[in-house]
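Good morning, everyone. Please take a moment with the sequence and the model before I walk you through two topics, the cysteines and a metal site.

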Amino acid sequence: MQLLSRLIPETSEGRRQLAVLAVLVAFAMVVVIVTSIVLAAIGQVARHANDLDDGRSQETTNGALQTFVWQLKATLNDYAAWDDAAQYVYAPDQQDWVISNIGDMTVNSDLFDTAFVVGLDRKVYMAYRHGKPLEETLDSYFSPAIATLFINASAPQSRAAPEAAGFVETRDGIAAAGVSLVRMKSGELSVPVRDQRYLVYARHLNEDKVRKLSDTYVIPGLRLVGPEVMSPYFAPIIDATGKLLAKLVWTSRVPGDASFEQARPLVLVAVGIVGCFFLGLLLLGVIAMRRLKEDETRAQKLAMEDRLSGLLNRSGFYAGLEKLIRTARDEKCSVFLLYLDLDGFKEVNDAYGHGTGDQLIRGVSAGLQVLVPPDAMLARIGGDEFAVAIATRQSEEVARKLGEVVLSFFAEPLVIGERVATVGASIGIAASPLGLVDCDEALRRADLAMYKAKENGRGRIFAYDPDMDADREEKNRIEIDLRRAIENGELTVAYQPVVRAIDCAIVGVEALVRWTRAGHGPVPPDSFIPVAETTGLIDALGMFVLRTACLQILEWPDLHVAINISPGQFRNPAFTVNVADVIRQTGVDPERITLEVTEGYFIQNPARARWTIDRLKAIGVKIALDDFGAGFSSVGYLRQFGFDRMKIDRSLVAAVHDSVKARDLLQATVAMARALDIPVTAEGIEEERQALALRSCGCDEMQGFHFGRPAPAAEIAALLSERGGRVIAA
Ligand code: C2E
Ligand code: CA
Ligand code: CA
């Protein structure tokens, strides 16, 4: 099982290759097996045909040898069982007849070439060979087998047919020989047994005769050889004593082999065709496989690539990072991860459309590619999120430096066609020292650090710190509780008086949300507003405050109300409609409502902000720039957006008595706003002298603990009725 699982490749491609290979091998095996079977069958048929033919040759040769003997025997019978012979052979004075009718017949006869006339005692009365007298006794001329034939012919049980024939060896070679009693045709003989004469004929199996046999019986290459010659195809020539005298051998015609030779090219051509077909299949298979592999690699690459930027995408980055961290573990170096989120991308997208947004992403990608070192891995892992991974033996400083370079890249506005967009970036850094922090965790940490950077005012670099986890958890808990608080109507609104500078009469209030978190006590807005911002709860929260303040102010007809609006709300395309709805539903005069916004959003997305402000102004509400002096404090924005009021930040007010310079700055700021016809509210006034200083600077309204802390509506109502709306003597 283990071996099997080791043999099966892990990738799907490997498995497919193996399957194709298996099919090809199986096919090749089938071709080989079928070919072998066909060839074996033909071979078998051929061998069978050969065997049949050899068998036939064997039988024919045996038959030919038998016939050879029989012919002699028949001839001998003609001469021996012959009335004339019975008369003349036994006559003492008829030797001439015997010689001319028997001896002379041995010349040029195909039937016999040697003739003896012998007595029972084997005394020779006549011996002729090829028509000439032969000076031989029977036993000197013939091998002992002749004696056996003689005995067979003369035995008492052979009386009916006193003849015997068989092969013998003679002085002249191998011959068929026969012994027969000379008698009347009827078989009668009046001669006493002791005087009986026998006729002995021999017919030599010479080369000529063998050739004739070969021709007559169609046995190719028939030859007479000695008994010692070994040959697979032979007919034995055995004499009457059972002695092997010689062999007739022939060459096998192997007709099967010939057929086989004839059929083989056909089979080979067929195999060739199948082989070619197979090779074609193989070729097609290889081509298809290669194409498939290419497609797969391409698809894999596409799956790893971000189409818009050409950079790696999230999965590509993840795969790369995993590998990088593994290598770092082996090579004992560290991996640093930079998570980069564009600030203000959404606004560009909203304002100019997706086409411009896409161009911006491409521009940023190209810029990053130049800035990031070549051995680092760069990816676009989300709409406006990028990530960089670097493996290095150096400290975190490398990552931080790279982050700074990237930030400085964003310091310049980006030109997209005819448009100019300002986007920033918030960067989170996390490390996997010696590759010990795994991919998921490193990504999570970088993401967390990036969020921290965003929260802390964007355009910043934050490195991961374990405290961030505790922070995140606390935020999660706050989110859960805040959501419930909004749903259960546990939020309240406090109102802080805003007084007229000249007589300190309450002319308005600022609505400030309050939350007493169950089990925790009051939570400052500074800590839960950002949570509401990042979780989308801000819309519900903001609308709650707006509605509550609008209803409240119906009871205070002489006051205006300031309501804080978060950038998150401002970004919501439905925001203006929602505001209009609340105003219509509550029936409040929109002129009495001022929406306070901070400049951050305007810097990021001027066009979109402009559009929203125009809409709000059309509804009739006023817009104030909050916290002026705390951030960029760009006067340009003041003018550009046509704010109805400016609120000077608490920090500027608090510093007013610290230095002459601070006071000058404050004075200049207020003077400038007034020059633009924008009234100014001073915030955070805690002391009488601050109030005096700001009044002399030209602020027409003031707000701060000095005049009154944010308080529940009932307290404000009491205040209004008690002192006629005047908080402090002017
Ligand atoms: P803000 O808009 O600048 O609001 C004024 C903050 O200054 C309030 O803090 C107020 O209590 C505090 N303050 C007023 N006078 C003095 C003073 O003399 N000395 C000092 N040290 N502080 C003074 P609060 O209520 O904690 O709110 C903090 C911030 O939370 C607000 O700053 C505002 O940005 C945000 N916020 C509060 N309520 C809401 C709301 O309903 N919606 C939104 N979006 N933001 C809110
Ligand atoms: Ca405010
Ligand atoms: Ca403020």
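Which cysteine sulfur is closest to the sulfur of Cys504, and why do the two not form a bond? The closest one belongs to Cys699, and because it is 13 Å away, it is too far for a bond. Before going on, I should say that this is a predicted model, in which local features need pLDDT of at least 70 and side-chain atom pairs count only at pLDDT 80 or more, while totals for chains, interfaces and linings use all residues. Residues are numbered from 1 along each chain as its sequence is written, chains are lettered from A and ligands numbered from 1 in the order in which they are written, and side-chain values use heavy atoms, with hydrogens and water left out.

Cys699, in turn, has its closest cysteine sulfur in Cys697, at 6.2 Å, which is again too far for a bond. A search of the whole structure finds zero disulfides, a disulfide being a pair of cysteine sulfur atoms within 2.5 Å. Cys504 is buried at 6% relative accessibility, and Cys699 is buried at 3%, where buried means under 20% relative accessible area with a 1.4 Å probe, protein chains only.

Turning to the metal site, the calcium ion (ligand 3) has protein donors from Asp626, Asp627 and, twice, Glu683, lying 2.2 to 2.5 Å from it; donors are N, O and S atoms within 2.8 Å of the metal (3.2 Å for Na, K and Ca), and since water is not among the atoms, sites may look incomplete. Asp626 also bridges this ion and the calcium ion (ligand 2), the two ions lying 3.7 Å apart. Asp626 is buried at 7% relative accessibility, and Glu683 is buried at 12%.

Conventions: Buried < 20%, exposed > 50% of the residue type's maximum accessible area, 1.4 Å probe, protein only.
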